[in-house]
Amino acid sequence: MDEVWVACKSMLNPVWKHSEYVKGTKMNFCFTSKLTRDVSRSLAVIGASVGLLAGCSRDPKIAADQPVPVQLSKPHRLHEAASVAASGSVEANVTAQTAFEIGGRVAHVFVEEGQFVKRGQPLAELDCSDYRNAFEAAFGQAATAEANALQAKNGVRAQELEQSRADFERAQDEYLRQKYLYDHQSLAANDYHKFETAYVVQKQRYDMAREGYRSEEKVATQGQARAASGNLSEAKKRLGDCQLRAPISGFVGMKKVDVGDTVSVGNAVISVLDLDPIKVRVGIPEAEIGMVHQGAHARVTIPSLNNQQFEGKVDTVGYSADSVSRTFATKIAVPNPTYVLRAGMISESRVYDSTMIDVLTVPAVAVIRDLRGLPSIYVYDATRQRVFARRVELGDLVGDEVEIKSGLKSDEQIVVGGQQNVHEGSLVRNSGGGR
């Protein structure tokens with residue numbers, strides 16, 4: 001290396017001398033061009049020399065006749081239950097969409113999104129002045145109607161009956177005296193008829209007092225009392241509807257109302273989500289729906305939670321396939337006491353059947369892709385101590401490993417580490433570390 005550097009320096013000396021000569025002076029174009037050509041030729045010689053040195057210093061450790069260190073291992077055979085894999089999303093166990101049953105202006109909002117509420121807890125409230133006034137009016141009308149119905153039922157009081165009897169007897173005595181005078185032509189006819197009319201009226205009042213209200217009058221007053229009571233109940237309900245309450249315990253999932261907003265009847269403004277347990281909705285392909293049944297064990301993986309897994313059971317299995325995807329909607333119930341699972345999360349689920357199967361698996365890192373993107377694995381040939389790529393058919397993921405459906409035998413050794421350093425037919429040696 002030192003010899004090359006001396007040679008390079010000697011070739012550059014003329015250039016350096018020219019550079020010193022023209023320093024501080026004006027160079028014409030011809031001299032500048034000549035200087036540039038000299039420098040270019042010198043740099044080319046330097047590059048060739050450096051390349052020659054680099055070729056001479058090649059690392060002898062990666063020579064073609066040296067074995068490449070790799071980790072070898074045999075496939076893993078699992079005896080486990082048959083399963084069906086399906087993607088889906090997390091849903092609330094119950095989603096309650098709450099809406100006001102009356103219209104009005106919002107006076108108070110008591111909750112925010114994500115807040116936990118208990119059943120019956122107030123969520124929002126309307127301005128209820130008009131509804132309170134209507135309730136007071138209905139209350140008065142109901143009280144009056146009830147009193148009239150009770151009076152008709154019980155009849156007149158004993159004091160009223162006695163007063164009516166006394167008035168009748170007084171009118172009767174007066175009538176009999178005036179009749180005697182009229183019969184003896186001592187009283188004018190007009191005066192006599194006045195006493196006669198008063199006697200008849202008092203007699204009718206006394207008879208009514210003794211008989212009480214007629215049955216139809218009693219029915220009428222009772223009907224009026226029931227109508228007034230119904231109006232009172234309706235006014236009371238409307239007054240209570242001014243306050244929107246949580247129908248279930250859970251988390252506030254949606255809030256589309258603020259103080260001062262005017263809401264109409266039936267428009268959902270706040271939703272409450274029951275998240276324990278949660279339901280994972282998945283679509284089971286038509287070819288595999290026969291392996292899924294209610295109560296079957298399931299394992300749910302949530303990618304957004306670092307692939308954390310949760311155990312659950314199949315809650316419902318659909319009986320009608322989706323017209324587009326040809327999958328059957330299935331729900332998996334998963335306990336969620338800490339509320340770590342939230343509605344809308346993407347999930348990867350596996351539903352297990354009672355049938356047991358043998359599965360051959362290899363580490364996922366052992367699988368490589370050829371130029372066409374097809375999966376292959378480097379298989380070790382113990383006789384020649386070399387590895388050769390073999391195409392395989394992949395199945396489902398099993399933890400950190402992947403199922404091999406075909407293309408590999410359980411007693412063969414495969415490369416599970418260092419496969420990025422080998423190629424077809426590479427000479428290798430086992431450096432250990434495999435299973």
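Here are a few friendly notes on two strand arrangements and the largest pocket.

1. Before you start: this is a predicted model, in which local features need pLDDT of at least 70 and side-chain atom pairs count only at pLDDT 80 or more, while totals for chains, interfaces and linings use all residues. Residues are numbered from 1 along each chain as its sequence is written, and side-chain values use heavy atoms, with hydrogens and water left out.

2. An open sheet is built from four strands in the order β7-β6-β4-β9, with antiparallel pairing. β7 (243-245) and β9 (262-263) are at the edges with a single partner strand each, so one side of each has no neighbour in the sheet. Here strands (E, at least two residues) are DSSP runs numbered from the N terminus, and two of them pair if DSSP finds at least two bridges between them.

3. Within that sheet, β4 (residues 104-109) is joined to β9 by two bridges. Look for Arg105, which stands opposite Thr262 in β9.

4. Strands β17 (residues 375-381) and β18 (residues 386-391) pair in the antiparallel sense over six bridges. Tyr380 has Val387 in β18 as its bridge partner. The two strands form a hairpin with four residues between them, and Gln385 in the turn has a positive phi of about 55°.

5. The largest pocket (on a 1 Å grid over the protein atoms alone, an open set of points where a 1.4 Å probe fits, with protein on both sides within 12 Å along at least five of seven lines; lining residues have an atom within 4 Å of a point) has 24 lining residues, and Ala85, Arg350, Asp396, Leu397 and Val398 lie nearest its centre. β2 gives the most to this lining, with seven residues.
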